[in-house]
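Good morning. I have one structure to go through today, and I will keep to what can be read from it. Please look at the picture first.

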Amino acid sequence: DPEKLNVPRPELFDFHGVPMVHYFTDNWENVQNFEARPDDILIATYPKAGTTWVSYILDLLYFGQTSPERQTSIPIYERVPFLDLFVPDVFSGKDLADNLPTTPRLIKTHFPVQFVPKSFWEQNCRIIYVARNGKDNMVSFFHFDTMNSIEPEAGSWSSYFQRFLKGNMLYGSWYDHVNGWWKKKQTYPKLHYMFYEDLSEDTGREIDKLCSFLGLSISPELKKKVLSGVQFDNMKKNQMANYSTLSVMDMKISPFMRKGKVGDWKNHFTVAQNEAFDEDYKEKMKDPTLHFRNEI
Ligand code: A3P
């Protein structure tokens, strides 16, 4: 019962070359042995890239019309289990995923590509990767770490900024994560790589692309319903989508549905930080085919 989660702040440690906290590694063997089914859909992201937004879009696309009671009774974190997360006696994303009654099963992970359980590849599952520009991703992650007690302590903004550039973050370096998944896309056709900024710019267009990737054709009514349901303000007030039922998160410090904007980094980065970021970015992001937008 995740409502009862009340846990001490974890420390980062090196796990197969990636900084992790124990809540996402304690069930490692079982998670690695997860038995994916061919119609499972994996939603993969670096934390705070738009996981919940895309999860909710998919949930509405598949179940928005058939099970209306789902919309008012099951929180998003139970509809789309977080495979990596394990808190003994309280929460096992793997068990939740195993027991999902729906088809397809929608499953969420923040793993870098090399950590994904092998059955997803063997079963040739569809995978949706959502990426967000590094500046906004950093800002969103910072606020999240201040309010969520299963995350490592956030510390000051300036130290957080340095830590992000160094890649000493939970789930590792943002640069490695977005690049690793981007490379995978070149050899694994059933990977749909999408961007938070595109979703923000034109949600309808991105839903159409998702449907074409998923082989779904939806009615204009359903599309309207999805578009309205996944608007930021509607998700923010939707108790089944806004995480308000989870006690590990202190929404008085920072709400889960915080701003939902592209370019909020401008309210956080100093001029010097922005220059340092851009300089460092040029060094690390050499692949000209992977392009992020810091504003739209
Ligand atoms: P901000 O902190 O910038 O507001 P995740 O779901 O991966 O944890 O990502 C959370 C981020 O996505 C938060 O960003 C949150 O506000 C934003 N988000 C969630 N739902 C959204 C929506 N419907 N529209 C725009 N942004 C959304």
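I will go from the annotated domain to one strand, then to the core, the ligand and a single lysine.

Keep in mind that this is a predicted model. The UniProt entry, which is unreviewed, carries the annotation "domain: Sulfotransferase" for residues 38–287. Over that stretch the chain is 47% helix and 10% strand. The C-alpha atoms at its two ends are 31 Å apart.

Now the strand, β3, which covers residues 41–45. Is it buried or exposed? Five of its five residues are buried, so β3 is largely enclosed by the rest of the structure. The side chains go two ways: I41, I43 and T45 point to one side, while L42 and A44 point to the other.

Which strands does β3 pair with? One is β6, residues 106–109, which runs parallel to β3 and is joined to it by four bridges. Within that pairing, A44 stands opposite T109. Another is β7, residues 126–131, again parallel, with five bridges. There, I41 has R126 as its bridge partner.

Next, the core. The largest nonpolar core has 69 residues. The members that touch the most others are L42, I43, I57, L58, I127 and Y129. Helix α2 gives the largest share of this core, eight residues. Take L58 as a case: setting aside neighbours within four places in sequence, L58 is in contact with I41, I43 and L106. I41 and I43 belong to the group that points one way from β3.

On to the ligand. How many residues surround it? The number is 19, and the closest are T51, T52, S140, R258 and G260. By type, the shell divides into seven nonpolar, seven polar and five charged residues. Three helices each supply at least two residues of the shell: α2 (51–63), α7 (134–147) and α13 (232–237). Helix α2 has therefore come up twice, as a source of eight core residues and as a supplier to the shell around the ligand.

Last, K209, which lies in helix α11, residues 203–214. Why is K209 classed as partly exposed? There are 15 other C-beta atoms within 10 Å of its own; a buried residue would have 20 or more, and an exposed one 12 or fewer, so K209 falls in between. K209 and M194 are 15 residues apart in sequence, and their C-alpha atoms are 9.4 Å apart in space.

That is the end of my part.

How values were computed. Residues numbered from 1 in each chain as written. Predicted model: local features only at pLDDT ≥ 70, side-chain atom pairs only at ≥ 80, totals over all residues. UniProt positions renumbered as here; feature names shortened; annotations may be inferred. Near = placed C-beta within 6 Å. Nonpolar A, V, L, I, M, F, W, Y, C, P; charged D, E, K, R; others polar. Core = buried A, V, L, I, M, F, W, Y, C linked by C-beta atoms within 7 Å. Contact = placed C-beta atoms within 7 Å. Pairing = 2+ DSSP bridges.
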